[in-house]
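User: I've got a two-chain model open and I'd like to talk it through. Can you walk me through what it shows?

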Amino acid sequence: MNAPAPPGGTPPRLQLTGISKIYPSVVANDKVNLTVQAGEIHAVLGENGAGKSTLMKIIYGVTHPDAGEVFWEGRPVHIESPRAARKLGIGMVFQHFSLFETLTVAENISLAMDEKAAPAALAPRIKQVSEDYGLPVDPMRLVHSMSVGERQRVEIVRCLLQQPKLLIMDEPTSVLTPQAVLKLFESLRRLAAEGCSILYISHKLDEIQALCDQATVLRAGRLSGTARPKQETPRSLAELMIGKELPVCHLEPRPTAEVRLALRKLNLNSDDPFGTALKDLDLEVRSGEIVGIAGISGNGQQELLKALSGEARLADPAALQIMGQDAGGLDPAARRERGLCFVPEERLGRGAVPDLSLADNALLTGYVPQYGTGMVRRGLVQRAAVTDFARKVIERFNVKCGGAGAAAGSLSGGNLQKFIVGRETLLAPKLMVVAQPTWGVDIGASMLIRQAIIDLRDAGVAVLVLSEELEELFMMSDRIAVLADGRLSQAVPIASTSVNQIGIWMSGTFAASADGGAHHAQA
Amino acid sequence: MLRLEARPEPSRAMMVASPLIAAAAMLVTGSILFRFLGQEPLHAFYVYFVLPVTSAYGLGELLLKATPLVLCGVGLALGFRASVWNIGADGQLTMGAVAAGCVALYFQDVESHWVLPLMLLAGALGGMLWAAIPALLRTRFNTSEILVSLMLVYVAYLFLSYTVHGPLRDPDGYNFPQSKMFSDSALLPLLFEGLRVNLAFVLALVLVAGAWFFCSRSFAGYRMQVSGMAPAAAAYAGFGETRNVWLAFMISGATAGLAGVGEVAGPIGQLQPAIPGGYGFAAIIVAYVGRLHPLGVLLAALLMSLLYIGGESAQMELQLPSAITGLFQGLLLFYLLAADLFIHYRFKPRLREAPVAAAKPAEEGV
């Protein structure tokens with residue numbers, strides 16, 4: 001292929017042609033083309049597993065393509081390493097930050113710079129740059145005292161100090177409140193206006209429409225199209241992304257019955273030094289309703305999940321009640337005996353054992369005698385019952401796999417999540433707790449999983465869902481609460497709140513106790 | 001240059017082939033070694049690996065030496081599957097021997113069929129008691145069971161030495177540090193006239209079958225396997241870690257204790273300052289060469305036993321040093337660990353030459 005040099009015009013800032021990257025088990029990129037102009041905010045859109053991250057890693061020199069060419073301002077380049085990428089003028093803000101918590105902002109940035117610069121010498125530059133772009137950070141502050149949004153600013157400022165010509169942002173808003181997202185967008189627009197190109201990776205269509213000039217859409221490693229997001233509808237973009245009509249799920253109002261899960265002044269200290277302690281959590285979940293808990297990871301989500309599952313025991317047994325009985329001191333098995341089923345956020349290694357077959361993974365939680373599966377009799381595993389159950393899950397939830405004997409680790413994320421949700425669903429719970437039901441799951445499978453959870457609620461199960469995706473919670477919850485900084489807001493009916501309101505709560509501003517507008521919902 | 005890359009899933013073929021590759025590599029290295037020692041490799045191999053098993057007596061010795069290896073190895077394999085690292089089987093073996101010895105000496109003058117079962121029981125309990133210490137410390141204080149169980153081996157050696165120098169010393173033994181010889185009813189019956197292999201080998205086979213059943217059919221075996229493979233999944237499912245650690249130590253302690261009984265009530269016939277062999281340590285190799293599978297342990301124990309008696313044969317016939325046995329054992333484990341890498345990894349052929357040029361327009365950028 002020839003280097004693209006449009007006669008007369010300036011060459012594009014970055015152009016990729018025919019990029020392919022093959023991993024042993026998957027083709028991550030298959031002949032992908034991408035063109036980014038100077039000063040353009042360019043979205044790379046695709047579902048989880050579509051190959052966005054691989055493509056970005058190739059641009060940033062973290063991995064190398066198996067085929068294809070990269071042109072930088074019209075000239076072919078081999079980007080050998082991130083250092084070489086930075087030298088060209090490419091900066092990247094990763095989804096997961098790499099900051100030392102015990103150091104200051106200036107010290108962190110000094111460590112990450114390619115040229116040697118003392119923290120003290122950098123401080124004024126950091127201040128200058130951060131103020132110029134509306135990303136205020138104090139260079140002398142210690143990182144551990146900063147919120148996630150502030151830490152992200154540090155990462156962005158670090159890139160900006162190198163005066164990049166192309167800034168790659170990988171899912172930057174997944175950790176931000178809606179208000180912080182708007183601020184970030186302002187800064188990015190200012191940056192683009194000065195001629196810096198931005199590659200913006202996301203699967204959130206509304207953000208891309210609000211921010212981006214151009215979009216390249218990937219599907220299953222292939223280029224599925226390019227679009228001008230502002231001229232598209234979310235629906236048409238989504239169809240480009242998943243390639244078929246969007247399925248939907250239905251939530252009809254229905255009456256609730258008795259309280260099946262109650263938190264009463266639940267307190268729990270985290271055993272992780274950087275974890276978040278839970279403070280005086282109050283919540284009730286009734287038969288026949290879905291209560292959603294919004295909030296950004298790291299605000300006590302891990303701790304709450306462990307307190308619910310029984311992996312962490314509570315000092316006060318009455319602080320957690322299952323089916324009206326004190327359960328705070330019970331272990332996970334005893335809680336399951338009382339009718340709890342649980343879908344953890346971590347699929348491989350917690351929700352399923354990667355090296356064991358799906359049948360053996362059905363046994364993982366199906367053994368509890370109260371579920372009545374007959375998987376264990378007199379201490380012996382009943383193979384036939386176990387395999388039957390696994391087959392039922394696979395069939396009922398349309399799990400794509402090589403049968404009940406396939407290792408759990410061989411399934412894609414979405415299919416494994418379908419299996420785990422299916423397993424817990426078919427165990428006929430009285431109370432179901434689901435963490436991040438559709439994290440890393442494609443849209444088709446997401447809808448199936450959400451519908452399965454809604455069906456449980458319609459059958460009278462009390463359901464608690466923890467999710468980072470507000471859109472999802474608004475789609476499937478009857479009531480919604482926010483967990484921020486280890487405190488839980490009251491749970492309000494979906495109809496009486498808004499994404500904006502919940503967004504404000506997610507930043508930690510809410511009255512923790514009673515007398516809110518929707519308290520009657522709990523009565 | 002070849003590069004390693006992760007396999008999409010572990011290779012089952014390599015899992016089976018790895019011990020065979022390791023054995024072959026051990027033989028190749030061994031032949032080089034023999035050459036340097038001035039031996040004709042083929043003859044040395046014959047003396048080492050074939051000659052010992054050409055007679056009925058040799059076969060009997062093979063099974064005799066394999067017995068404690070099978071017993072210890074099966075127990076350790078079950079524990080290792082659950083990621084409980086009991087390194088102290090030799091200490092548990094020693095304490096089992098002491099406990100059984102006490103019973104035998106107490107009933108020195110009693111002619112009864114009950115003495116032997118009682119000794120087996122005492123031996124198993126002795127091993128379990130010794131294994132209970134690391135289990136307790138691990139579950140209560142989160143200590144490393146590797147270090148604790150290993151250190152307790154040497155305590156057990158000293159305890160045995162104390163008993164035969166002190167309370168259990170044969171008063172008519174001319175001050176030799178050893179106990180009285182056990183009476184006939186305290187000795188394991190021989191399986192064949194003229195061979196030294198005894199009933200303990202049958203017991204070992206029964207335990208292999210039991211362990212196989214435990215692993216493949218019982219829910220407790222499944223729980224231990226999950227605890228070993230994915231501790232977080234075990235916690236999620238409600239399989240307590242404490243129970244897992246205790247079960248693993250009790251099983252491996254009991255089988256090691258039985259191995260100790262097999263030694264003192266078998267070929268030795270009395271308590272001595274040291275139970276020779278280091279079977280409890282060799283059994284760690286046996287467990288891994290046997291892929292932590294009971295049937296594999298049986299085969300690996302026979303191989304290891306052959307290394308032992310082959311080493312003796314080499315000492316006698318070829319005047320090679322006794323260290324040759326340890327050397328072959330070490331080679332086997334070393335090659336096994338190396339070959340095991342290829343269960344999860346494989347060589348990636350370089351399809352195209354590496355891109356040499358770094359970012360060419362270096363004058364660009366900052």
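Analyst: Let's start with a definition: a residue is buried if 20 or more other C-beta atoms lie within 10 Å of its own, exposed if 12 or fewer, and partly exposed in between. Keep in mind that this is a predicted model. By that cut-off, the buried share of the 366 residues in chain B is 45%.

User: What is chain B built from, and what box do its C-alpha atoms fill?

Analyst: Chain B has 13 helices and two strands. Taken along the principal axes, its C-alpha atoms fill a box of roughly 95 × 60 × 40 Å.

User: Of the contacts in chain B with a separation of 6 or more, what percentage comes from residues 24 or more positions apart?

Analyst: Here we count contacts in chain B with a separation of 6 or more, and ask how many join residues 24 or more positions apart. That share is 79%.

User: Is helix α11 of chain B largely enclosed or not, and which elements does its buried side pack against?

Analyst: Ten of the eleven residues in α11(B), residues 279-289, are buried, so the helix is largely enclosed by the rest of the structure. Among the buried ones are B:Tyr279, B:Ile284, B:Ile285 and B:Val289. The buried residues pack against these elements of chain B: α1 (12-36), α3 (56-81), α4 (89-106), α10 (241-268), α12 (294-318) and α13 (323-344).

User: Which residue just after α11(B) takes a positive phi, and is that residue buried, partly exposed or exposed?

Analyst: Look in the loop between α11 and α12 of chain B, where B:Arg291 lies. B:Arg291 isn't a glycine, yet its phi is near 55°. It has 19 other C-beta atoms within 10 Å, and buried needs 20 or more, so B:Arg291 is partly exposed.

User: Over in chain A, is A:Gln436 buried or exposed?

Analyst: A:Gln436 sits in the loop between β19 (431-435) and α14 (443-458) of chain A. This residue is not a glycine either, but has a positive phi of about 40°. With 22 other C-beta atoms within 10 Å, against a cut-off of 20 or more, A:Gln436 is therefore buried.

User: How many residues of each chain are in contact across the A–B interface, and what classes are found on chain A's side?

Analyst: Across the interface, 41 residues of chain A are in contact with 30 residues of chain B. The elements of chain A that give two or more residues to its side are β5 (75-77), α2 (82-88), α10 (332-337), α11 (358-366) and β18 (380-381). By class, chain A's side has 18 nonpolar, 14 polar and nine charged residues.

Notes:
Residues numbered from 1 in each chain as written. Chains lettered and ligands numbered in written order. Predicted model: local features only at pLDDT ≥ 70, side-chain atom pairs only at ≥ 80, totals over all residues. Contact = placed C-beta atoms within 7 Å. Helix = DSSP H or I, 4+ residues; strand = E, 2+ residues; numbered from the N terminus. Nonpolar A, V, L, I, M, F, W, Y, C, P; charged D, E, K, R; others polar.
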